[in-house]
Structures are given as C-alpha cells and as structure tokens.
Amino acid sequence: MRLIVAGVVLISGCAPGEAVLGGRMTAPPNRPTMTKAQALARVEQLIKEAADAIDMPKELELYEPSLGDDLCLDPIDGGSEERIVVNRKYFLRGIPKGRITEVTQRVKAHWEQQGHIIDGVSNDGLVVVGRTRPDDFYLALGWTNDDVPTLAATSTCIWPNGTPEPTQPGS
C-alpha cells in the first residue's frame, strides 16, 4: 500500500489534447471509458510485461488485498465518484537479494523502452513509479521489508461498464 500511495503522490505530467489539473492528465468527466474487464486486462498485461523484463527465475504471487476495486476518490476532473480504479499488486518471489539493483534497473529500462513516463525514483534508486502511455495507468516497483520486489499497476478512473449508468427520472 505504501508503494501505491507513494506512486500517487509522485505522479505528474500531461498528454496532448487532455486537460491538466493538479499535474495529472484528465479527460472530460462523463465520457465513455474502458470497461472494468479491459482495465483489468491492461493492468495484468503491464505487470506481466514488467516481470518478463526481469530475466531471472521468479514467481508472481498475487497480493490478495489488491483484488478489490477502489473508488475514484477526489476526481480532479470533476467527474462522478461512482467511477472506480482497478489495481493489482504482485510479489516477485525467488529473486535473490543481491540482485535488487539489477531488477530495478531492468524494470525501469523496460518501462522507458515502452514509452512510459518515469515520474519518480527513490533516493536509493530502488523504488520506481511512473505512468503508461498512452493510457496514463500508474506503475510502481517497490520492495518489502524482506527485500521481496513488488510490481503494481492501477488504472485511471473508469466506469465499470465503460459508460455512466443511466439516471432514472426523478432521481
């Protein structure tokens, strides 16, 4: 959780054709978005690709608390708080402690090669946060207190079905 919070704090930047509020890319608040299934597929793809960039034996272990969707709290685009964000976090088991720096360098290089933006790197160079292009998902590589690497990805605010739910007359 520290990693996701740190990532959110460090995230900044913009994209062409989008409004920028508070340094983050935003879009019109009630426009259609990708669906929850599409966002989850993208999050899983981002994590798998980053893990594959680490050319050493490892096992991805899901961090179970990341299975729940989170509300789109404090949406800076003025959009509905009925939207959600989809995220996943995995431990990378089996990585030797002596290869921490190498793992971090490989993941960071992979993200840069994909055209993603690196928003922050910790002072020791071991925690990296960024955003994907073109879809502005959050990325994070961190480490547990036991030196186990973690990879996380979080979607932008989405409507679960891709569009706002219709309002009932008189609601």
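The largest nonpolar core in this predicted model has 26 residues, and the members that touch the most others are Ile54, Val107, Trp111 and Leu151. Several elements feed into this core: α2, β6 (87-93), α3, β9 and β10 each put in at least two residues. The top contributor is α2, which gives six. That fits a familiar pattern, since in soluble globular proteins nonpolar side chains tend to be buried together.

Ile54 is a handy place to start looking around. Leaving out residues up to four places away in sequence, Ile54 touches Leu92, Ile95, Val103, Arg106 and Val107. Of these partners, Val103 and Val107 also turn up among the buried residues of α3, and Val107 is, like Ile54, one of the four core members with the most contacts to other members.

Helix α3 itself, residues 100-113, comes out as a regular piece of helix. With 14 residues at 1.5 Å each, α3 should span 20 Å, and its end C-alpha atoms do sit 20 Å apart, so expectation and model agree. Its buried residues are Ile100, Val103, Thr104, Val107, His110 and Trp111. Looking down the helix axis, these buried residues fall within an arc of 130°, which means that they line one face of α3. The face turned away from that buried side carries Gln105 and Gln113, both exposed. As for what sits over the buried residues, the cover includes α2 (36-52), β7 (117-121), β8 (128-131), β9 (138-143) and β10. Just past the end of the helix, Gly115 adopts a positive phi of about 90°.

Thr104 deserves a closer look. This α3 residue has a relative accessible area of 2%, so it counts as buried, the cut-off being under 20%. Setting aside neighbours within four places in sequence, the contacts of Thr104 are Gly125, Leu126, Val128, Leu141 and Trp143. Two of the strands that help cover the buried side of α3, β8 (128-131) and β9 (138-143), take in the positions of Val128, Leu141 and Trp143.

Asn161 makes a neat contrast. Asn161 lies in the segment after β10 (149-154), and its relative accessible area is 53%, so this residue is exposed, the cut-off being over 50%. Along the chain, Asn161 and Ala37 are 124 residues apart, yet their C-alpha atoms are separated by 8.5 Å. Ala37 falls within the range of α2 (36-52), the helix that gives the most residues to the core.

Technical notes. Residues are numbered from 1 along each chain as its sequence is written. This is a predicted model: local features need pLDDT of at least 70, side-chain atom pairs count only at pLDDT 80 or more; totals for chains, interfaces and linings use all residues. Side-chain values use heavy atoms; hydrogens and water are left out. Helices (H or I, at least four residues) and strands (E, at least two) are DSSP runs, numbered from the N terminus. Buried means under 20% relative accessible area, exposed over 50%, partly exposed in between (1.4 Å probe, protein chains only). Contact means heavy atoms within 4.5 Å. The expected span of a helix is 1.5 Å times one less than its number of residues. The arc is that of the directions from the helix axis to the C-beta atoms. A nonpolar core is a set of buried Ala, Val, Leu, Ile, Met, Phe, Trp, Tyr and Cys residues joined through side-chain atoms within 4.5 Å.
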